[in-house]
Amino acid sequence: MSQSDIIASAGVTLLLIAFFLNLKKIMSTDNKWYSGLNIVGAGLCGYSSYLISFYPFVILEGVWVLAALSSFIKHVPRETIVKKGD
């Protein structure tokens with residue numbers, strides 16, 4: 001197994017864990033851990049695609065990371081965000 005295969009396998013495993021936990025209603029899509037699994041999983045898959053020069057998948061996974069990151073940031077509790085002037 002090549003390095004890119006190992007990285008892709010880890011990424012796909014994380015994505016499938018998130019999918020399975022959501023499917024079984026163990027984890028909601030609003031959960032920050034769900035977004036985190038998607039960020040890391042898609043990031044690993046995108047990086048492994050970059051290693052093998054498969055750029056359409058790099059773009060797909062990059063968009064997936066951005067969407068998951070947006071969801072993650074959206075669910076950060078407001079009180080943890082430092083306001084200017086405080």
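Begin with the whole chain shown as a surface: its accessible area comes to about 6300 Å², of which 69% belongs to carbon and sulfur atoms, where accessible areas are from the Shrake-Rupley method with a 1.4 Å probe and, for residues, only the protein chains shown count as cover. This is a predicted model, in which local features need pLDDT of at least 70 and side-chain atom pairs count only at pLDDT 80 or more, while totals for chains, interfaces and linings use all residues. Residues are numbered from 1 along each chain as its sequence is written, and side-chain values use heavy atoms, with hydrogens and water left out.

Next, colour by confidence. The mean pLDDT (the predictor's confidence in each residue, from 0 to 100) is 92 for the chain, and 88% of its residues reach 70 or more. Among the elements of the chain, helix H1 (residues 3-23) has the highest mean pLDDT, 98, and H3 the lowest, 95.

Switch to a cartoon. The secondary structure comes to three helices and zero strands, and the pattern read along the sequence is α-α-α; helices (H or I, at least four residues) and strands (E, at least two) are DSSP runs, numbered from the N terminus. Of the 86 residues of the chain, 27% count as buried, where buried means under 20% relative accessible area, exposed over 50% and partly exposed in between, with a 1.4 Å probe and protein chains only. Among contacts (heavy atoms within 4.5 Å) between residues at least 6 apart in sequence, 55% join residues at least 24 apart.

**The core**

Select Ala 18, Leu 21, Met 27, Tyr 34 and Leu 37, the five residues of the largest nonpolar core. The elements that give two or more residues to this core are H1 and H2. A nonpolar core is here a set of buried Ala, Val, Leu, Ile, Met, Phe, Trp, Tyr and Cys residues joined through side-chain atoms within 4.5 Å. Centre the view on Met 27, which, not counting residues up to four places away in sequence, touches Leu 21, Asn 22, Trp 33, Tyr 34 and Leu 37.

**Two serines of H2**

Move along to Ser 48, placed in helix H2, which is classed as buried because its relative accessible area is 4%. Leaving aside neighbours within four places in sequence, Ser 48 is in contact with Ser 4, Ile 7 and Ala 8. A distance label can be drawn from Ser 48 to Ile 6, 42 residues apart along the chain, whose C-alpha atoms are separated by 8.5 Å.

Ser 49 is also in helix H2, and its relative accessible area of 4% is why Ser 49 counts as buried. Outside the residues up to four places away in sequence, Ser 49 touches Phe 54, Phe 57 and Val 58.

**The nonpolar patch**

Return to the surface and select Tyr 47, Tyr 50, Leu 51, Ile 52, Phe 54 and Tyr 55, which make a nonpolar patch of about 630 Å². Patches are made of residues with over 30% relative accessible area and no salt bridge, like charges being joined within 9 Å and nonpolar side chains (Val, Leu, Ile, Met, Phe, Trp, Tyr) within 5 Å; a salt bridge is a side-chain nitrogen of Lys or Arg within 4 Å of a carboxyl oxygen of Asp or Glu. Helix H2 (residues 32-51) gives the most to the patch, with three residues. Phe 54 lies in the loop between H2 and helix H3 (55-74), and is classed as partly exposed because its relative accessibility is 44%.

**Backbone stops in the two loops**

Within the loop between H2 and H3, select Ser 53, which has a positive phi of about 60° although it is not a glycine. At 45% relative accessibility, Ser 53 counts as partly exposed. Then go to Lys 25, in the loop between H1 and H2, where phi is near 60°, a positive value in a residue other than glycine. Lys 25 is exposed, with a relative accessible area of 75%. Most residues other than glycine have a negative phi.

**After the last helix**

Finish at His 75, in the segment after H3, which counts as partly exposed because its relative accessibility is 27%. A line from His 75 to Ser 35 joins two residues that are 40 apart in sequence and, C-alpha to C-alpha, 9.3 Å apart in space.
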